[in-house]
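The following exercises concern aromatic rings, buried positions and one helix. Each task is followed by a worked solution.

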Amino acid sequence: MTSRAGPTSAPTRLGRVQSVARPSAVSEEWRAGVAQRIAAAHALWQQGVSDLTLKQVNHFERGGVLPIAFTLMHFVAGEDRNAARYLGTGTPLWDKEGWAKRVGLVGEPPQRGTPMADAERIRLGDVDAWRAYQSAVFARTERALAALPLASFAEKAMDRPPPSMLKGAFIALLVPEGEIRVSDVCEAYLFQHAVRHLGELEHARALVGLGGLS
């Protein structure tokens, strides 16, 4: 999807950022901290969907402005997949429990690089079912963070993607070079991704006449 960010977000500014805070080694103190931050982000997401109606979830403002349905699918289903892959939670709940049918998904689950036209068409058919799915995903992630052996957080998470795939990605700022660890995935794909799309959700709530989350 094409960014419409202003000049303050220009690549030249990002290029001056060497890195962001990254612990040199994982510890139980780090685990407790990241788990607490993720749980807090989850609480805001729960608040953000608690009062949504189906009409509001599917509201389409205009071309280039994505519906709340997209934001929910992108972040929550993405966390479901990432927890399965990196925290060992098993098959994503989305697949294991047939949530596509239960939430009445129209379209395909979006991922990084989904064309804007496809993202704009995403709709949900049952917002109460969605809330149940979201709650189940968040609870499983939090349990996995508490149960994963500490040494597993220090393990290599993936082969480093090529620079073209890392362009604009938070994890590239967190880990400018070298090995990407499971702990890095927790910081970038679970916590920072949650916070980033909370802003998107809050803006979308304003478009349908709802208040902020804080």
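**Exercise 1.** Over the ring of which residue does the charged end of arginine 37 sit?

*Solution.* The model is a predicted one, in which local features need pLDDT of at least 70 and side-chain atom pairs count only at pLDDT 80 or more, while totals for chains, interfaces and linings use all residues. Residues are numbered from 1 along each chain as its sequence is written, and side-chain values use heavy atoms, with hydrogens and water left out.

Apply the criterion: NZ of Lys or CZ of Arg must be within 6 Å of the ring centre and within 35 degrees of the ring normal. The ring in question belongs to phenylalanine 191, whose centre is 4.8 Å from the charged end of arginine 37. Arginine 102 offers a further case, with its charged end over the ring of tryptophan 99 at 3.7 Å from the centre.

**Exercise 2.** Determine how many aromatic pairs there are, and describe the one formed by phenylalanine 75 and phenylalanine 138.

*Solution.* Rings of Phe, Tyr and Trp (its six-membered ring) pair if their centres lie within 6.5 Å; planes under 30 degrees apart count as stacked, over 60 as edge-to-face and the rest as tilted. The count by this rule is seven aromatic pairs. For phenylalanine 75 and phenylalanine 138, the centres are 6.2 Å apart and the planes lie at 50°, a tilted pair.

Next, locate the partners, taking helices as DSSP runs (H or I, at least four residues) numbered from the N terminus. Phenylalanine 75 belongs to helix α4 (residues 68–86) and phenylalanine 138 to helix α8 (residues 127–147), so the pair, 63 residues apart, links distant parts of the chain. Both phenylalanine 75 and phenylalanine 138 are buried, a class defined as under 20% relative accessible area (1.4 Å probe, protein chains only).

**Exercise 3.** Classify the pair of tryptophan 99 and tyrosine 133, and state whether each residue is buried or exposed (over 50% relative accessible area).

*Solution.* The ring centres of tryptophan 99 and tyrosine 133 are 5.4 Å apart with planes at 45°, so the pair is tilted. It connects helix α6 (residues 99–103), which holds tryptophan 99, with tyrosine 133 in helix α8, 34 residues apart. Tryptophan 99 counts as buried because its relative accessibility is 4%; tyrosine 133, at 0%, is buried as well. Ring pairs join Trp99 and Tyr133 with Trp94 and Trp130 in a cluster.

**Exercise 4.** Which elements are included in what covers the buried residues of α2?

*Solution.* The buried residues of α2 (residues 28–50) include Trp30, Arg31, His42 and Trp45. Their cover includes α4, α8, α9 (150–153) and α12 (182–207).

How values were computed. Helix = DSSP H or I, 4+ residues; strand = E, 2+ residues; numbered from the N terminus. Expected span 1.5 Å × (residues − 1). Contact = heavy atoms within 4.5 Å.
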